[in-house]
Amino acid sequence: MGNSSGSTALHLLQTVFGYPAFRGQQAAIVDLVSGGGDALVLMPTGAGKSLCYQIPAMLRDGVGVVVSPLIALMQDQVDALAEVGVRAAFLNSTQSFDEAMRIERMVRNGELDLVYVAPERLLTPRCLALFEASNIALFAIDEAHCVSQWGHDFRPEYIKLSILHERFPDVPRIALTATADQQTRAEIAQRLQLESAEMFVSSFDRPNIRYQIVEKANGRKQLLDFIESEHAGDAGIVYCLSRKKVEETAAFLNEHGVAALAYHAGMELAVRSKNQSRFLREDSIVMVATIAFGMGIDKPDVRFVAHLDLPKSIEGYYQETGRAGRDGQPANAWMSYGLQDVVQQRRMIDESEADEAYKRVQGQKLDAMLGLCETLGCRRVRLLDYFGQTSAACGNCDTCQSPPVSFDGSVVVQKLLSTIYRVDQRFGAVHVIEVLRGIDTEKIRQWRHEQLSTFGIGADRSEAEWRAVLRQVIALGLVQVDSDAYNALKLTDAARPILRGEQTILLRRYEKPVKQKVSRSGSKTKGYVETGLSELEQQIFDKLRWWRVETARKHNVPAYVIFHDATMRDIAKARPLSLAQMRSIAGVGEKKLETYGDEIVTLIGEFS
Ligand code: ADP
Ligand code: ZN
């Protein structure tokens with residue numbers, strides 16, 4: 001195909017992918033890379049990163065090499081491209097030698113637009129020699145944050161990718177990621193030698209995702225209420241910290257009528273992949289998983305992401321919640337969190353084998369996460385601020401929708417801090433709260449803590465209220481949990497001015513967790529996602545969904561690879577009766593029109 005030009009790129013976008021126009025910075029990126037420039041692209045999940053390298057790869061001579069750590073998903077990515085008529089293949093350890101030879105030959109002969117490779121494969125002498133002997137259009141380095149040693153997806157091979165710059169100085173490179181605070185951003189540029197690349201930073205906001213963080217009472221039960229009331233029949237992801245909890249939670253959901261599967265790194269590979277593929281292909285599975293699950297999962301219709309445990313950092317939280325609502329339709333990010341989470345995460349940092357510098361960074365990341373949980377303001381403002389972007393209160397998060405009531409907590413905090421001080425900073429949360437509340441326990445008598453001046457001065461508050469105060473005080477950095485000393489609570493230097501009454505402090509008023517109301521009306525209608533379809537349109541849409549399930553099964557691809565919900569909704573509204581009418585619908589390119597057009601037109605005809 002010819003060389004770069006705006007109209008040619010647009011032509012490909014319209015005819016191949018079926019979209020009328022580029023979004024946001026896509027056009028500028030495509031233009032730059034097609035012309036041979038390097039780019040560093042930071043865009044939130046679902047914004048459309050793939051087209052930024054797919055279209056330049058098609059426009060430029062030679063094959064575009066996509067470096068991706070996601071071996072398990074390469075097949076689906078290649079299938080999706082085949083569906084729109086793009087010549088793509090992959091090279092990874094799952095294929096036979098003969099198959100790999102066949103693909104290598106196609107690369108050498110320039111018979112492909114795109115080839116996906118895992119980084120460890122790319123770095124082999126054989127693969128590098130292959131690419132040196134071939135015509136390479138560009139290198140796209142996907143999930144580029146994997147290069148960050150401080151991050152949670154660190155892959156050592158990624159660091160070695162700087163070799164691309166040395167061995168292929170004339171081939172343009174584009175690095176892409178959806179997670180990047182300032183530090184990671186700098187690391188990507190430096191380690192991949194992309195300092196002189198043009199940087200494209202999109203807004204990280206995901207306005208269709210509603211953020212909600214609730215006080216943990218009984219996590220599993222709260223989760224079930226949440227799913228039943230807002231997401232019956234929806235696809236979703238539930239994140240847990242441990243493998244054991246993953247399995248228990250999946251079993252619990254199944255017992256209560258929610259179709260759930262488990263995924264964690266300790267499971268047998270075959271079972272894990274089977275579960276992943278069912279989640280991708282079927283319409284309404286809840287995946288309960290550790291964070292081992294999800295990178296590169298581009299299922300567009302995940303309607304919720306729930307966290308039963310506190311994530312380690314805002315990057316992790318944002319990346320995981322970002323897997324909801326990639327199709328732009330309303331979605332929920334829900335989390336339950338309690339004091340125990342804070343203690344547990346602190347302990348994990350303290351007990352890790354890492355060096356002090358690493359632990360310090362992890363501690364700061366956790367502090368930022370706690371700040372998000374305890375904020376009195378808009379969650380989205382906090383999140384975007386973390387990525388260096390300013391915004392206004394969003395109206396689509398729990399703190400915007402029912403603002404927490406704050407009060408002057410100086411005296412309450414003084415009571416807590418002085419109790420910690422008076423028990424010599426040697427006791428954990430349970431004991432300190434019992435002293436505050438004036439409870440008669442054996443341990444208290446043993447240590448004669450009933451004689452302390454603070455014994456019982458907090459009897460007006462419940463245990464849960466005191467836990468909430470303690471969490472906030474930890475989030476504010478006034479108290480630390482010492483995991484080397486049985487989780488004893490210790491005061492920090494920042495606690496002093498408050499103890500001396502020199503500083504006031506605002507606290508969030510405690511709200512008792514309420515059971516979510518179950519609002520299932522009909523069996524099929526979803527309370528949460530407003531579809532905006534008339535009755536007839538809904539009937540057509542349902543029919544299309546059935547058609548899509550069968551077609552996906554026949555072609556052995558995930559349903560969304562055929563058409564997204566949004567495209568089918570548009571079809572249901574437009575009711576095209578000819579191929580020409582069908583062509584104007586977003587998401588319908590030439591190849592799909594050719595493959596499915598007649599079937600769709602016939603199906604619509606039945607409703608006229
Ligand atoms: P990311 O990799 O950034 O998470 P994808 O590349 O998977 O996002 O794109 C997300 C979705 O948006 C895909 O379904 C894609 O087809 C769609 N999309 C991308 N660009 C456009 C566009 N210009 N117009 C309409 N839809 C688009
Ligand atoms: Zn908000």
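A residue is called buried here when its relative accessible area is under 20%, and exposed when that value is over 50%. With that in hand, let us walk through this structure, which is a predicted model.

**Two helices and the glycines after them**

Start with helix α2, which spans residues 26–34 and has Q26, I29, V30, V33 and S34 as its buried residues. These residues sit on the same side of α2, because they cover an arc of only 120° around its axis. The general rule behind such a pattern is that an α-helix has 3.6 residues a turn, so residues three or four places apart point the same way. After α2 comes G36, with a positive phi near 100°.

Helix α4 runs over residues 71–83, and its buried members are L73, M74, D76, Q77, V78, D79, L81 and E83. Here too a glycine with a positive phi appears: G85, just after α4, at about 90°.

**A tyrosine in strand β4**

Some of those α4 residues come back when you look at Y116, a residue of strand β4 (residues 114–117). Its relative accessible area is 2%, so Y116 is buried. Setting aside neighbours within four places in sequence, Y116 is in contact with M74, Q77, V78 and L81, among others. The rest of its contacts are Y53, Q54, V66, A89, F90 and L91. Q25, by contrast, is 91 residues from Y116 along the chain, and the C-alpha atoms of the two are separated by 24 Å.

**Around ligand 1**

Which residues come closest to ligand 1? Of the 15 residues that surround ligand 1, the closest are Y19, G46, S50, R326 and H564. Three side chains each place an N or O atom at a short listed distance from an oxygen atom of the ligand:

| Side chain | Ligand 1 atom | Distance |
|---|---|---|
| Y19, N or O atom | oxygen | 2.6 Å |
| S50, N or O atom | oxygen | 2.6 Å |
| R326, N or O atom | oxygen | 2.6 Å |

On its own, ligand 1 has 560 Å² of accessible area, and the protein covers 82% of that. The surrounding shell is made up of 6 nonpolar, 6 polar and 3 charged residues.

**Three residues in loops**

Now for the loops. H145 belongs to the one between β5 (136–141) and α8 (156–159). Is H145 buried or exposed? With a relative accessible area of 5%, H145 falls under the 20% limit and is therefore buried. Not counting residues up to four places away in sequence, H145 touches D153, T177, T179, T184, I188 and Q319.

Q389 lies in the loop that links α17 (379–386) and α18 (398–401). At 14% relative accessible area, Q389 is buried as well. What does the side chain of Q389 reach? The partner is the backbone nitrogen of F204, at 2.8 Å. Beyond its neighbours within four places in sequence, Q389 is in contact with V201, S202, S203, F204, D205 and L384.

P403 is located in the loop between α18 and β14 (406–408). Its relative accessibility is 53%, so P403 counts as exposed. P403 and G377 are 26 residues apart in sequence, while their C-alpha atoms are 7.6 Å apart in space.

Terms used
Residues are numbered from 1 along each chain as its sequence is written. Chains are lettered from A and ligands numbered from 1 in the order in which they are written. This is a predicted model: local features need pLDDT of at least 70, side-chain atom pairs count only at pLDDT 80 or more; totals for chains, interfaces and linings use all residues. Side-chain values use heavy atoms; hydrogens and water are left out. Buried means under 20% relative accessible area, exposed over 50%, partly exposed in between (1.4 Å probe, protein chains only). Helices (H or I, at least four residues) and strands (E, at least two) are DSSP runs, numbered from the N terminus. The arc is that of the directions from the helix axis to the C-beta atoms. Contact means heavy atoms within 4.5 Å. A residue is near a molecule or strand if one of its heavy atoms lies within 4 Å of it. A polar contact is a pair of N or O atoms within 3.5 Å; within protein, one must be able to donate a hydrogen and the other to accept it, and residues adjacent in sequence count only if both atoms are side-chain atoms. Accessible areas come from the Shrake-Rupley method with a 1.4 Å probe; for residues, only the protein chains shown count as cover. Ala, Val, Leu, Ile, Met, Phe, Trp, Tyr, Cys and Pro count as nonpolar, Asp, Glu, Lys and Arg as charged, and the others, Gly among them, as polar.
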